[in-house]
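Here's a quick walk through some local features worth a look. Keep the viewer open as you read.

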Amino acid sequence: MVDPNKAMSGESKEAAQEITDWQASWIWGAGEESPRNEWRCFRKVFSLPAKMSERAAVKITGDSRYVLYVNGHHVGRGPVRSWPFELAYDEYEIGHLLRRGAENVIAVLVMHFGVSTFQYLRGRGGLIAQIESGDSREPLLATDETWKTMIHAGHDTYSSRMSCQLPFTEITDSRAWNESWHLLEYDESGWESAVVIGPAGMEPWVRLVEKTIPHLTEEPVYPVRVESLHSVKPVPWAAVIDLRNLFAPESADHANNVQFSGLVATVIRVAKATKFIIGNVDSGRIMSLYGVNGVWHGIEAFTGKSPERFLEVNLRQGDNLIMLDVNGQSHGHGFHIGFDCEEPFEVLAPPLPGKPSSQAVVTSGNNETPVPLTSPNKVSPHFIAIGPFDTVEVIDHRDTRPLLRDHPDFERAKRSSAAGELAELADWIKPVPAQMVNLSDVFTACVWKKSRRAQPVPHTLQNAVIAGANAAFLPMVPDMDTELVIDFGRELSGYIAFDIDASAGTVVDLYGFEFMHDGWIQHTYTLDNTLRYICREGRQTYTSNVRRGLRFLMVTVRGSTAPVKLYEVKMLQSNYPVADVGRFHCSDPLLNDIWQISRNTTILCMEDTFVDCPAFEQAFWVGDARNEALINYYLFGASDIVERCLRLVPGSSFQTPLYADQVPSGWNSVIPNWTFFWVTACLEYHRFSGDRAFAEDMWPHVRFTLDHFLQRLDDKGLLRMKGWNFLDWAAFEQPMDGVVTPQNMFLVKGLRDAARLAEAAGEREAAQRYLESARQLRAAIDEQLWDDNRQAYLDCIHADGSPSVTISMQTQVVAFLCGIAEGERARVLEQYIAVPPASFVQIGTPFMSFFYHEALAELNRIELLLEDIRTQYGVMVEYEASSCWEKYPSSGARSNPKLLTRSHCHAWSAGPAYFLSAYVLGVRGVTPGWSKVVVAPQPAGLAWAKGAVPLPDGGRIDVSWRVNESGRRLTVRITAPHDLEIETLTPEGYEMKVERIDIG
């Protein structure tokens, strides 16, 4: 359980809601406190007087997420990600939705995860809400035992994890659930009374704080076309196993890596000897080996390219024992396993020693759609577990003992050639809980197909994806499923919705992915970005309750007994609400395109916090957000989201005094650089907002963590620590233990920035102390980490004392940016930055490029900065990217030449939007709150540029400039508030004429 006394952060102090203001109670249903993947519905019918205030609001929060309806109207979703000890609540104005002098209904769907993720720490199931009116001090309604509740029977609780970062995939059977449950006329007689579990202020939600950001948007966006149409057959059997929670059940309470040693076994029963294929289309990073009737097959026996791996074996008539060696480390990704055979087969759990055989479950035969089966005793009828023989929880900045991998009983188990031989291992064998196995493996069904035949796309089907156009019947081929790939034309993030007419039992599988080129699909390995919907009879609509990021949507219709008519498919785009205040346009069309995809990327990665990417993770990575905040200032000028992000970070102090690298999260991980970037971001937010109170609030937290880092300096004065010592996805040495040079350098900058924040908070003595610490660390770096022979800074010194073999551009850029080198060494670094030596490890990501571009801007080499942007981002534009990629294709981290990057929308990559406005347009704040601004255009070969930059307190500054025919005279026009102090700087080699237009 989280100790709330150890960490208080989150929303601002002013947002704290006194618990005494809450008259509502926390409610839940009978049963488990924290059930895995449970959707629970709540209703309350209530009457209102005819005369009451026109204004009414509902305050609400829940664990883990909720969807709110009032009188059938969708009102909102929440809560925003929070530490459980500072749980945020939402407030919605609902007066316009209430019926005065009549009955009303409020309905809430609460989705409780029951596991920790990268944006949620496991608490327990709960809902609290109250409706308040403007003319009464007493709430009109509050959660209590008179509310009705029922588990959402249409939701399959056996659905698997989307990824280690995210909760669960979505499987809904509309035949099992009345979708009018949130309407007044619904018959709730079969529902149970809610259970009061405690008052406001109970653990783990000891403090409720009002959300400090606006509600996120939900804007319908329609596809641009149907990209392809195919008739397909999936493999006949597939499942997803949660190996991590299976072998380490306590790991549901955290999101740390877990190492385990164990086996999973199943029996394949066939009527005659046959060839059989075992396949993984995504092993969840567990490289399993397979034993078939006691014969083990090494990696060399597999075909395919990782993570898609296939093993063809010969099965004997009758029962065949299949064993999976799942020794490995897992964060929580699902393990996808599929079986294919030309003959009918059955998949059965081997009998547990001393117990009757598991109930037979037939999920075999060719071309059948897998349907989830619930075992009456709630254990998997397909698998047993052997072990774990050992488990180890891994926390990167703490010492961990090695996993015991050579247990004698583990090796003995692997020698078993038939299920009967397992009896000798009775003490190690256990059933697999049914919730650890998802039999509706939509991802495998969408990726691994026995056949796929292309079909022409009818015009009627193209029209069906256009808003308001006519519906279309889906082309159907006997004994095959129909698959269409829909292109939304750009990356999106939000909620899938569709309108379809189908027969009862028709299965609609949806799978979102980001990239497709010349028919090749980049599958979202380690992200199960799927949804399964089983239709009731007739026309129906469905809106997903799970956020997803995607550009393309594969829609596969399976098992239909009648024609299927598609009316609509759309996405409800959801992001932080911002206006497009920032603008940039110039004489280079390529730079304009790059600015636009940078803008798109940033807004897609603005949710309730900044997130790294809308598809794979949706996690608030602390270091990424520093750059994202700067970009946001120039695009949207949004400050509330930045402040919220920065205030969330110290909440991780109960996990580590070094602060976690992503928050709020169950993963207790430290990237030291990310904490140092957070310090810098706190200073930059103060400079942008001018908010001294923020500096005063944050200074104690900054001091707390930096003092703990300073305690880790070794006897030579260098930061030497175990942790995720990461900076860039590139092949330079940044070991998990030792002295890593770039983070030592960024600690110098962090100490200097902390000193400036201390000064802003009125802590002058502390400021001097940190400046002195920075001076000493800089000197130690310069003395011990410079390599005279190679005339560059080492990348690291390993734990054994050996220096790095690699020399990287990353380290030299950081050395320059952090002011480490002086004199001749500084001049050498300037040459490297201007002309990177080919022998140095080159920059691998746009994230690292941000720092490189900062260095070029400091050197006033804007022409080199623009050329690098054109080169690196131009590839993205060439491939019709609508958002910026996580990595460069040149990073070297490519297992497939078609695999250009991992994530195709990553906010750490949107730097051009900042640099083009700050340095080419030339607008930069000088004083806190930007009461004074400098306008210093840099043409860098461009003929003209124009744009706008938001100001912190509202309004904007518009700048346009043009170079005359001689190429040496610059005409600048500035439109800005009359009280804004503006200093203009003429670029070297130019004459400049400035026209200023005042507003107000």
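What follows covers a pocket, a helix, a buried asparagine, a cavity and a few backbone oddities.

## The second largest pocket

Bear in mind that this is a predicted model. Let's start with its second largest pocket, which has a volume of about 960 Å³. Its lining is made up of 38 residues, and Arg 687, Glu 854, Tyr 914, Tyr 919 and Arg 924 are the ones nearest the centre. Several elements give two or more residues to that lining: the helices α6 (622-635), α8 (672-689), α10 (741-760), α12 (809-817), α14 (846-858) and α16 (912-921), along with the strand β47 (923-925).

Which element gives the largest share of the lining? That's α8, with five residues. Sorted by class, the pocket lining has 21 nonpolar residues, ten charged ones and seven polar ones.

## Helix α9 and its bend

Next up is α9, a helix of 19 residues running from 692 to 710. From first C-alpha to last it reaches 26 Å, close to the 27 Å you'd expect at 1.5 Å a residue. Still, it has a bend of about 35° at Met 698, and Pro 700 follows within four residues.

Met 698 is itself buried, and so is its neighbour Trp 699. The other buried residues of α9 are Phe 694, Ala 695, Asp 697, Val 702, Thr 705, Leu 706, Phe 709 and Leu 710. What do the buried residues of α9 pack against? Their partners are the helices α7 (640-648), α8, α10 and α11 (764-784), plus the strand β42 (721-722). Two of these, α8 and α10, also turn up among the elements that line the second largest pocket.

## Asn 744 in α10

While you're at α10, have a look at Asn 744, which sits in that helix. Is Asn 744 buried or exposed? Its relative accessible area is 0%, so it counts as buried. Leaving out residues up to four places away in sequence, Asn 744 touches Leu 718, Leu 719, Val 739, Leu 777 and Ile 781.

## Cavities and a cis bond at Ser 64

Searching the whole structure turns up six cavities of 30 Å³ or more. The largest cavity has a volume of about 90 Å³. It's lined by 13 residues, with Ser 64, Arg 65, Ser 82, Leu 87 and Tyr 120 nearest its centre. By class, that lining has six nonpolar, four polar and three charged residues.

Ser 64 deserves a second glance, since it is joined to Asp 63 by a cis peptide bond, with omega about 20°. You'll find Ser 64 in the loop between β4 (56-63) and β5 (65-70).

## More backbone oddities

There's another cis peptide bond between Glu 203 and Pro 204, where omega is about 5°. Pro 204 lies in the loop between β14 (195-199) and β15 (208-210).

Two non-glycine residues are worth checking for positive phi. Thr 526 has phi near 70° and sits in the loop between β36 (520-522) and β37 (530-534). Thr 526 counts as buried because its relative accessible area is 13%, which is under the 20% cut-off. Ala 940 has a positive phi of about 50° and belongs to the loop between β48 (932-935) and β49 (944-950). With a relative accessibility of 25%, Ala 940 is partly exposed.

Technical notes:
Residues are numbered from 1 along each chain as its sequence is written. This is a predicted model: local features need pLDDT of at least 70, side-chain atom pairs count only at pLDDT 80 or more; totals for chains, interfaces and linings use all residues. Side-chain values use heavy atoms; hydrogens and water are left out. On a 1 Å grid over the protein atoms alone, a cavity is a set of points where a 1.4 Å probe fits but cannot get out, and a pocket is an open set with protein on both sides within 12 Å along at least five of seven lines; lining residues have an atom within 4 Å of a point. Grid points are joined across faces, edges and corners, and a volume is the space filled by probe spheres set on the points. Ala, Val, Leu, Ile, Met, Phe, Trp, Tyr, Cys and Pro count as nonpolar, Asp, Glu, Lys and Arg as charged, and the others, Gly among them, as polar. The expected span of a helix is 1.5 Å times one less than its number of residues. The bend at a residue is the angle between axes fitted to the seven residues ending there and the seven starting there. Buried means under 20% relative accessible area, exposed over 50%, partly exposed in between (1.4 Å probe, protein chains only). Contact means heavy atoms within 4.5 Å.
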